[in-house]
Amino acid sequence: MIKRAGTWTTSVLSAAILFAAAGPIKAAPRDGQHDFDFNFGTWKTHVSRLVHPLTGSTTWTAYDGVSVVRKVWNGRASLFELEVEGPAGHIEGAGLRLYNPQSHQWNLNWANSSVGMLDGAPMIGEFKDGRGEFYGPDTFDGRRILVRNGFSNITPDSSRFEQAFSVDGGRTWETNWVMTFTR
């Protein structure tokens with residue numbers, strides 16, 4: 001009986017040493033391939049745009065219209081179409097969102113119909129705690145900037161998107177584009 005207890009004790013201690021040496025157990029990466037499922041469908045869209053970003057201006061203009069988001073690849077990608085009108089004119093744009101299963105992150109790409117090509121580098125990021133944050137480098141009026149896109153206040157019938165620019169590597173941000181979506 002004593003011999004068995006010693007063997008059992010030795011086995012338990014050996015296992016404890018192995019687990020301790022291996023370090024903390026890491027959780028499996030979060031599978032975010034359906035993070036944008038909330039966004040599928042047709043939305044009434046209100047856009048607020050800062051007229052002159054990064055100039056100290058506080059003049060905003062507004063647009064109203066419709067957005068349509070279509071599922072691609074069973075939700076691992078989506079196509080976002082925006083069409084809005086306002087006092088400052090008409091905006092048509094398209095966004096392509098792609099999920100990277102290796103990094104467990106999304107990349108967001110944007111094209112404006114007036115330019116007719118993808119706009120700069122994709123925004124890369126993910127959703128955590130009900131909020132999506134995406135970052136990428138860009139150039140604005142000849143200056144290198146960092147861009148942040150965020151999705152928040154997500155419910156079945158509404159959500160919010162904000163874009164902000166930073167000229168100091170992300171220490172401070174100026175919001176310049178806000179979209180609210182309602183069904």
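**Exercise 1. Work out how much space lies in the largest pocket of this predicted model, and what lines it.**

Step 1. Start with the volume: the largest pocket holds about 890 Å³ of space.

Step 2. Now list the wall. The lining comes to 35 residues. If you want to zoom in on the centre, go to Trp110, Asp119, Gln163, Phe165 and Trp177, which lie nearest to it.

Step 3. Sort the lining by class. You should get 23 nonpolar, eight polar and four charged residues.

Step 4. Map the lining onto the fold. Strands 1 (41–50), 4 (89–100), 5 (105–112), 7 (131–140), 8 (143–155), 9 (158–166) and 10 (174–182) are the elements that give two or more residues to the lining of the largest pocket.

**Exercise 2. Trace how strand 10 pairs with strand 1 and with strand 9.**

Step 1. Take strand 1 to begin with. It runs antiparallel to strand 10, and six bridges join the two. For a concrete pair, pick histidine 46: its bridge partner in strand 10 is threonine 180.

Step 2. Move on to strand 9. Here eight bridges make the link to strand 10, again with the strands antiparallel. One residue to click on is serine 159, which stands opposite phenylalanine 181 of strand 10.

Step 3. Put this next to the pocket: strands 1, 9 and 10 each give two or more residues to its lining.

**Exercise 3. Follow the chain of pairings through strand 6, and find what sits in the turn after it.**

Step 1. Strand 6 covers residues 123–128 and pairs with strand 5 in the antiparallel sense, over three bridges. Leucine 108 has methionine 123 of strand 6 as its bridge partner.

Step 2. Strand 6 also pairs with strand 7, antiparallel once more, this time over five bridges. Glutamate 126 is bridged to glutamate 133 in strand 7.

Step 3. Check the connection. Strands 6 and 7 form a hairpin with two residues between them. In that turn, aspartate 129 has a positive phi of about 55°.

**Exercise 4. Summarise the whole protein in a few numbers.**

Step 1. Count the elements: one helix and 10 strands. Reading from the N terminus, the order is α-β-β-β-β-β-β-β-β-β-β, so by strand numbering the helix comes ahead of strand 1.

Step 2. Look at burial. Of 183 residues, 33% count as buried, with the cut-off at under 20% relative accessible area.

Step 3. Add the surface. The accessible area is about 11100 Å², and carbon and sulfur atoms make up 58% of that.

Step 4. Finish with contacts. Among those with a separation of 6 or more, 39% come from residues 24 or more positions apart.

Terms used:
Residues are numbered from 1 along each chain as its sequence is written. This is a predicted model: local features need pLDDT of at least 70, side-chain atom pairs count only at pLDDT 80 or more; totals for chains, interfaces and linings use all residues. Side-chain values use heavy atoms; hydrogens and water are left out. On a 1 Å grid over the protein atoms alone, a cavity is a set of points where a 1.4 Å probe fits but cannot get out, and a pocket is an open set with protein on both sides within 12 Å along at least five of seven lines; lining residues have an atom within 4 Å of a point. Grid points are joined across faces, edges and corners, and a volume is the space filled by probe spheres set on the points. Helices (H or I, at least four residues) and strands (E, at least two) are DSSP runs, numbered from the N terminus. Ala, Val, Leu, Ile, Met, Phe, Trp, Tyr, Cys and Pro count as nonpolar, Asp, Glu, Lys and Arg as charged, and the others, Gly among them, as polar. Two strands pair if DSSP finds at least two bridges between them. Buried means under 20% relative accessible area, exposed over 50%, partly exposed in between (1.4 Å probe, protein chains only). Contact means heavy atoms within 4.5 Å. Accessible areas come from the Shrake-Rupley method with a 1.4 Å probe; for residues, only the protein chains shown count as cover.
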